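Reader: I'm new to reading structures and would love a close look at one part of this one. Could you pick a sheet and walk me through it, then show me the chain around it?

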Amino acid sequence: MQNFLSTEKKPIGPGPQKNRLKFLYSKKAAPYIFVSPFIISFLFLFLYPFASAVNMSFQRVLPGQVEYVGLSNFERVFNPTFYQALQNTSVYVILTVVILTVLPMIFAIFLNHKLMKYSTFFRAAIFIPALTSVIVAGTIFRMIFGDSDGAIANQILNLIGLSPLEWRYGAGTGMFLMVTLASWRWMGVNILYFLAALQNVSNDLYEAADIDGANVWQKFRNVTFPAIKPVVIFLTTISIINGFRMFEESFVFWETSSPGNIGLTVVGYIYQEGIQRNDMGFGAAIGIVLLIVILIISAIQLYLTGAFKKDD
Amino acid sequence: MKEKTSQGKLFTTLLVVLFSIVAFLALFPVISLVVASLSPASDLMRFGLSAELFLSSLEFENFEAIFSASGAQYWQWYVNSLIISGVLIVLSLFFSSMVGYALALYDFKGKRFIFLLVLLILMIPFEILMLPLFQMMIAFQLVDSYLAVMLPLIVAPIAVFFFRQYAVGLPKELMESGRVDGCTEYGIFFKIMAPLMLPSFAAMAILQGLTSWNNFLWPLLVLRSNDMFTLPVGLATLLTPYGNNYQLLFTGSVLSIVPIIILFLFFQRFFIAGLTSGGVKG
Amino acid sequence: MKKFLFLMASGALLLSGCGDNGNDGGSDNSGNEEASDGPNLEATQVIGDDVEGATELTFWNFNELHTGFFEDAVTRWNEEFPDRAIQLTAETYPIDQMHNNLLLSLQSGSGAPDIADIEVSMFANFLQGEPQMLPLNDKIEPELDNLVESRYQMYAKDGQFYGMDYHVGATVMYYNEEIMNEAGVDIDSIKTWDDYVEAGKKVVENTDAMMTTVESDETWSFQPLISQRESDYFDENGDVILDNDINVDTLQFLHDLVYEHEIAELTPGGFHHAEEYYGYMNEGGAASVMMPMWYMGRFLDYMEDLDGKMQIRPLPLWEEGGNRSAGMGGTGTVVTNQTEEPELAKDFLAYSKLTEEGNIQLWKILGFDPPRHDVWDNEEMRADNRFYDYFHDDIFDILLDVRDEIAEVNITEQTSNATQEIQSNVMHSVLRDQSKTPEEALTDAADAVRSRMSE
């Protein structure tokens, strides 16, 4: 590599090129060179597709004919199927945000507790599911939560005196499957985020709180929570966005069409309409509506948690 | 005082019991998958996974199948996934670290604006851009190529964000002394600063590796031939009721986790350190 | 790609020097990225590459068995027409991918094969706008008298035929004779659906089995029955008739089989192609199942314990003089407008699918009831094969018997939408949830499809 470098360098020698090159090496130009990959990818892989998504959402795209149809795609979006998809997705978002913020927080605090033992082992064990893909995880969930009475989840229900369930056919159980799958996969990762934040809380603070006679709740509110609040904000934001993007957790259980649309998500609806039914304009319009929903909810969430106040 | 220690012991025991249960729940599906891969596959599809299976004698037929000729397709998917993820990890770490570094440690016009753009993209689901991007791939005749799968992930905003958060904490004086030593700005980054960002590189290698290895919807769109599929896309095709390749499904799933575990073990000691800076300041 | 990586990496190296020292941080060129044409695998099969000067044609399908059929056709074609020899590259993709990819390549004007299979329920998507396929009228029209015409109308738009099917898909009843005997029912005494229900009650009473299963996730229980009664999702003008009286009554009948007469249960796994169902049926879970003729192959492949026990019969009658079958399912093979050899592709397709010889091969190789009915009593069709071994010898006598009792199915641009509505909403809410009456569910579905059409 070094040889290659030195031979390559020579031809650049003198001449007007040299000045240009010098400029490239200057402190002024360097940051722009550094960020240029982002700028390029922003323009070509984001701004352009985004503009054409907006453009497409006003079109009807058919083989051999593309026509502008005004707002008609957007008028069509607000139909019962979309509401169903949005409802499923929203329920999923709420459940995953709560479960994947509160539980990891509690677990991390315990794992970080000075009386805890084997913490490293438990941390690793809970993290392992994160390494599986949704497809792989979903495959095994389907087997565990099989419809037959002999599948293990139903055997357990049977054991505790409940009747077996057809997990993939009920709205409630279907949602349970998706949320469980997501929670199972992300729990370990989110615990790590909290653990990382908890490293910053010095024991002195707890001791000081002890001396002041603070109870457990007061210690949590005044010492622990301020330290992990940024993680809470970060995780709720990420969970909201990922929740609204959800597709695979549904795909593994029902592929692209589920009974009574119990597993239909907004992105699944985009896939169904835009790709499977080849109505790209409509698919794009659903996407734009989804974006607006996400932006509004994220803005509310960030405002409520006060994230705008600090940082840049 | 004595009472307090015994109370503490009780508390410890309770915690250990609680976490044993949690860890069992976390590991159970993984164990089930291994058991499933050692059981007759079509029975599994017919009757689901039963408790008895865990106790029954296990057989290695499925693994024999995957290592024989009928598994050739599977290994092609494996190779595809390895290539795509490998190249992506390298490229995305390379580009994203540069961007994050510049955003953190240089003062230049448009810096705040660019950082805002990074955050904005972070907020916008990729799925919205999916259809136009797909049309672009058709227009450039990239459909069914590795490049098409990789392009949208090469500069990952989440990685840029993390690198930026990490680099903010680095001492700027080191850059100055690098300049005094006659390093170019790029030399400073690669020789002096990037090595300091190692923990974040490790964390991002794991995160980007996971993302790419498990990526599904986009490859599903842009890949069309069986021999170009990545593992998740290929495995998903085995889930359809119109084939009888279930043998490959379970063994294939088990084996697909191996590289990601290796990656994790390799980088994990930096993982928490890498996450700390990124997440906490978010 | 390789070049691109190389340039990026060397560019980075160039700029990152410290004095004279090169640097290797962060620029690891993992040069194992090869051009995107991976090694050849079994999903792609080239047929006729031994013939010199053969014209290359590509063929996409979603079922490897279909490759086998065309493999035979190419061999025969090349022997018969050596001056117009063909080299066929057949590629098999998963069903969803194949249709998505075909649709998008036809839409974008490049990348489509010469010949492709399109599943009937997805065919509607390909008829939208200007169909990007070649009309096959000059081949089909001269043979129409010998064909089951309804199977070609399905793939037509504005008087143009675009697809050639593999089979008639005549729907029949498969009875497990062992169970029927145990129940004390002679299957030949079942003439009407009332008889069938009565027989079902005996089966439930005298055996551990159910009489039959009803699909809740797909439409193989509902659609054949309404087609048998000459109803449909759409009428011949393309208007929605999904919620007409016959359909409501038929759905009520299916509902009653399960909940009123209690002689049927919902199909394990949701549909008759589910692994759960194969296991259930194989173990004698149900005494009968209504499916098209091409379902024979599924018995052979997945239900080996039923070998020699299954009997095929026409469907019970709704009323005197009614139909005893219905043509269901199907895959239309089309020639795309991107082919560079339109005449050759069309001639070859007609040769493989419209000739007597071709139709005989459809039975021999695939076990399908071929669309050309004048071969049904052909000697060659009677030769021993694995289907006769599993079932019984008079399969085609039954077919000949019901030949004129197969109603046309009207396929429109909205068929995929209607199918989707029925699969994901109607069946679920009526049969599983029981949250809607058949009338409510079908009215809702019909309105949903209508509202799409008015756009």
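Author: Sure, let's zoom in on chain C, keeping in mind that this is a predicted model. Start at C:Asn176: its bridge partner is C:Met310, which sits in β11(C). That pair belongs to a longer match, since β7 of chain C, residues 171–176, runs antiparallel to β11(C) over four bridges.

Now widen the view a little. β7 and β11 are joined by β10, and the three strands of chain C make an open sheet in the order β10-β7-β11, with antiparallel pairing. What leaves one side of β10 and of β11 without a neighbour in the sheet? Both β10 (288–292) and β11 (310–313) of chain C stand at the edges and have a single partner strand each, so one side of each is left free of a sheet neighbour. The sheet isn't flat-on either: ignoring direction, its neighbouring strands are turned by 30° against each other on average. In case you wonder what does the pairing, strands of a sheet pair through backbone hydrogen bonds, either parallel or antiparallel.

Step back again and you get the whole of chain C. Its secondary structure comes to 18 helices and twelve strands. Of its 455 residues, 51% are buried. And if you take the contacts in chain C with a separation of 6 or more, 76% of them link residues 24 or more positions apart.

Chain C is also split into two domains, and each is made of two stretches of the chain: domain 1 covers 44–168 + 330–375, while domain 2 covers 171–328 + 407–453. Between their C-alpha centres you'd count 30 Å. Where they touch, domain 1 of chain C puts in 17 residues and domain 2 of chain C puts in 15.

Let's look at that contact from the domain 1 side. The elements giving two or more residues to it are α4 (120–127) and α6 (150–153) of chain C. Of these, α4(C) gives the most, with seven residues. As for the chemistry, this side of domain 1 of chain C, facing domain 2 of chain C, has eight nonpolar, seven polar and two charged residues.

For a comparison, hop over to chain B, which is assigned domain 1 (2–63) and domain 2 (69–281). Ten residues of domain 1 of chain B are in contact with eight of domain 2 of chain B. There, the domain 1 side that touches domain 2 of chain B has seven nonpolar, three polar and no charged residues.

Conventions. Residues numbered from 1 in each chain as written. Chains lettered and ligands numbered in written order. Predicted model: local features only at pLDDT ≥ 70, side-chain atom pairs only at ≥ 80, totals over all residues. Pairing = 2+ DSSP bridges. Axes fitted to C-alpha atoms, helices over the stretch in contact; angles between N-to-C directions. Domains from an automatic or database assignment. Contact = placed C-beta atoms within 7 Å. Nonpolar A, V, L, I, M, F, W, Y, C, P; charged D, E, K, R; others polar. Buried ≥ 20, exposed ≤ 12 C-beta atoms within 10 Å, placed from the backbone.
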